[in-house]
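Dear colleague,

Please find below the structure that I am handing over to you. I should be grateful if you would read the notes beneath it with the coordinates open.

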Amino acid sequence: MAQIIDGKEVSVFIKDKIKARTAQLKEKSGLVPGLAVILVGSDSASQIYVRNKKQACEYCGFYSESYELPADTTQDQLLELIDALNKNDSIDGILVQMPLPKQIDPQAVTEAILPEKDVDAFNFVNVGRIMLGEYNFLPCTPAGVMELLRYYKIDVSGKECVVVGRSNIVGKPMAMLLLHENATVTICHSKTADLPAVTRRADVLVSAVGRPCFITADMIKPGAVVIDVGINRKPDGKLCGDIDFTEAQKIASFITPVPGGVGPMTIAMLMQNTLTSAELKLKRRN
Ligand code: NDP
């Protein structure tokens, strides 16, 4: 049976370190890291994510602001708020909760955030830095996966790593971070011919597709490390990932559950990026 990778435990370990660093920063300089979270519309899943982010800020000792804007907010109105937050010295990170309503172009919004406050690491400057391996922030979900691997002492160097999914926020940066750690990386997507043949090669398999039970046990190499990024809601309202967890755990060496795997790490890494942003602001001042 696979060892369960406990994302809750690791996220608390990381948030406790962040809390301690935050207290030190405050004592040394009076600075308190500040995060602004903007939600447009009333998507219920997004509301939960925003609430969780606010709670994490409280836990870590951060200052936080949250903005809940109506679903008919125009792009200009949102850009005006971002501009004000860019200029607000008490804010080190700005996060706009996706998805946005149709009238708003998500890329325009992402690009409006100053790179030094782009704690999601989605804008062109930060994506470019990640490609070059010279970054201040990493995108939260892939960075969270790397932290999980590190915590469980899973070395990916020289290993075959397969990432299923090529989105800009998960799949592509995930592949890049594995590559930076010297893995041999394959990225799969909806046009991949014979997906099971590729996933069965994986020593480390990361799934970021968004379909329940998409990865079945026969697609997993015995002894593989299986990381489930997917978050799906079953008809009974419960959450599940992309992996057929019950069967996969009989084959894998390590596996992340959903919930309680990658999800909590995403928020912990957002806190880490916000603290890093505040620390860099202090450096620029000195
Ligand atoms: P996207 O919908 O942007 O991307 C999904 C990817 O899956 C695409 O690249 C798509 O390929 C690929 N795909 C779809 N069908 C197949 C198929 N049949 N075979 C192979 N690949 C396929 O999703 P995201 O990357 O934004 O998110 C993925 C999942 O991760 C979702 O469940 C999301 O909720 C979850 N998520 C979880 C987070 C966390 O904190 N744990 C954070 C962010 C996301 P193609 O490009 O060809 O269409």
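The notes that follow describe the sheet, then the aromatic pairs, and finally the lysines placed over a ring. Please bear in mind that this is a predicted model.

The sheet

The sheet is open and consists of six strands, arranged in the order 1-11-8-7-5-6 with parallel pairing. Its edges are taken by strand 1 (3–4) and strand 6 (184–188); each of these has a single partner strand, so one side of each has no neighbour in the sheet. For strand 1 that partner is strand 11 (residues 254–255), and the two are joined in the parallel sense by two bridges. Within this pairing, Ile-4 is found opposite Ile-255 of strand 11.

Helix 7 (residues 171–180) packs on the sheet, where it touches strand 5 (160–164), strand 6 and strand 7 (204–207). The direction of helix 7 makes an angle of about 170° with that of strand 5.

The aromatic pairs

Three aromatic pairs were found when the whole structure was searched. Two of them are described here.

In one, the ring centres of Phe-13 and Tyr-151 are 5.3 Å apart and the planes stand at 65°; edge-to-face requires an angle over 60 degrees, so this pair is edge-to-face. Phe-13 belongs to helix 1 (residues 7–29) and Tyr-151 to helix 6 (residues 140–151), so that the pair links distant parts of the chain, 138 residues apart. Both residues are partly exposed: the relative accessibility is 41% for Phe-13 and 29% for Tyr-151.

The other pair, Tyr-152 with Phe-254, is also edge-to-face, with 6.1 Å from centre to centre and 70° between the planes. Tyr-152 is located in the loop between helix 6 and strand 5, whereas Phe-254 is part of strand 11; the pair therefore ties together parts separated by 102 residues in sequence. Here the residues are buried, since the relative accessibility of Tyr-152 is 14% and that of Phe-254 is 18%, with the limit for buried being under 20%.

Taken together, Phe-13, Tyr-151, Tyr-152 and Phe-254 are linked by ring pairs into a cluster.

Lysines over a ring

Which lysines lie over the face of Tyr-59? Lys-15 does so at 5.3 Å from the ring centre, and Lys-19 lies over the face of Tyr-59 at 4.5 Å from the ring centre.

With kind regards

Conventions: Residues are numbered from 1 along each chain as its sequence is written. This is a predicted model: local features need pLDDT of at least 70, side-chain atom pairs count only at pLDDT 80 or more; totals for chains, interfaces and linings use all residues. Side-chain values use heavy atoms; hydrogens and water are left out. Two strands pair if DSSP finds at least two bridges between them. Helices (H or I, at least four residues) and strands (E, at least two) are DSSP runs, numbered from the N terminus. Contact means heavy atoms within 4.5 Å. Axes are lines fitted to C-alpha atoms, for helices over the stretch in contact, and angles run from 0 to 180 degrees between N-to-C directions. Rings of Phe, Tyr and Trp (its six-membered ring) pair if their centres lie within 6.5 Å; planes under 30 degrees apart count as stacked, over 60 as edge-to-face and the rest as tilted. Buried means under 20% relative accessible area, exposed over 50%, partly exposed in between (1.4 Å probe, protein chains only). A charge sits over a ring if NZ of Lys or CZ of Arg is within 6 Å of the ring centre and within 35 degrees of the ring normal.
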